[in-house]
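Reader: I'd like to know what sits behind the labels people put on a model like this. Can we take them one at a time?

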Amino acid sequence: AGIGISTKRDSNDVIGCFGIGSLSPYSMTDSFTVESYLDGTCRTYTCYRDEDRKPVVSLISESGWGGENGLKVTPVLGRYCTRDQRQKCCAYHRGDS
């Protein structure tokens, strides 16, 4: 799959899932971490570009979770990021729990 290639384009039966939204962090960085909190389980993934610059998602840990369902995305920002880029990053975060 790639950007702009959709198998759902001609259907009203399904929506998004891993569409352009899932690729948004790549506009700021080449790697980021996703923590998924769902039904008592926390799964942590690392997302990065391979040597051909294609997105890769790898599960790196799974553990119990006693909190609410949610999602946390943490971009890896280079040390030369501007203040404006860091503020946009913080706006992208969804919750800290």
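Reader: How many disulfides does the structure hold?

Author: Zero. A disulfide here is a pair of cysteine sulfur atoms within 2.5 Å. Before we go on: this is a predicted model, where local features need pLDDT of at least 70, side-chain atom pairs count only at pLDDT 80 or more, and totals for chains, interfaces and linings use all residues. Residues are numbered from 1 along each chain as its sequence is written, and side-chain values use heavy atoms, with hydrogens and water left out.

Reader: What does pLDDT say about the protein chain?

Author: pLDDT is the predictor's confidence in each residue, from 0 to 100. The protein chain averages 74, and 57% of the residues score at least 70. Among its elements, strand β3 (residues 55–64) has the highest mean, 93, and helix α2 (residues 83–92) the lowest, 54. Helices (H or I, at least four residues) and strands (E, at least two) are DSSP runs, numbered from the N terminus. Over residues 90–97, pLDDT stays under 50.

Reader: Why is Cys47 called buried?

Author: Buried means under 20% relative accessible area, exposed over 50%, and partly exposed in between (1.4 Å probe, protein chains only). Cys47 comes out at 4%, so it counts as buried. Cys42, at 7%, is buried too.

Reader: And why is Tyr45 called partly exposed?

Author: Its relative accessibility is 25%, so Tyr45 falls in the in-between class. Tyr45 lies in strand β2 (residues 41–49).

Reader: What does Tyr45 touch, not counting residues up to four places away in sequence?

Author: Contact means heavy atoms within 4.5 Å. On that count Tyr45 touches Phe32, Thr33, Val34, Ser36, Val57, Ser58, Leu59 and Ile60. Tyr45 and Val57 are twelve residues apart in sequence, yet 6.5 Å apart in space, C-alpha to C-alpha.

Reader: Which residues make up the largest nonpolar core?

Author: Five of them: Tyr26, Phe32, Val34, Cys47 and Val73. A nonpolar core is a set of buried Ala, Val, Leu, Ile, Met, Phe, Trp, Tyr and Cys residues joined through side-chain atoms within 4.5 Å. Beyond four places in sequence, the contacts of Val34 include Cys47 and Val73.

Reader: What makes Thr29 buried?

Author: Its relative accessible area is 9%, so Thr29 is on the buried side of the cut-off. Thr29 is found in the loop between α1 (20–23) and β1 (31–38), and its contacts beyond four places in sequence are Pro75 and Val76.
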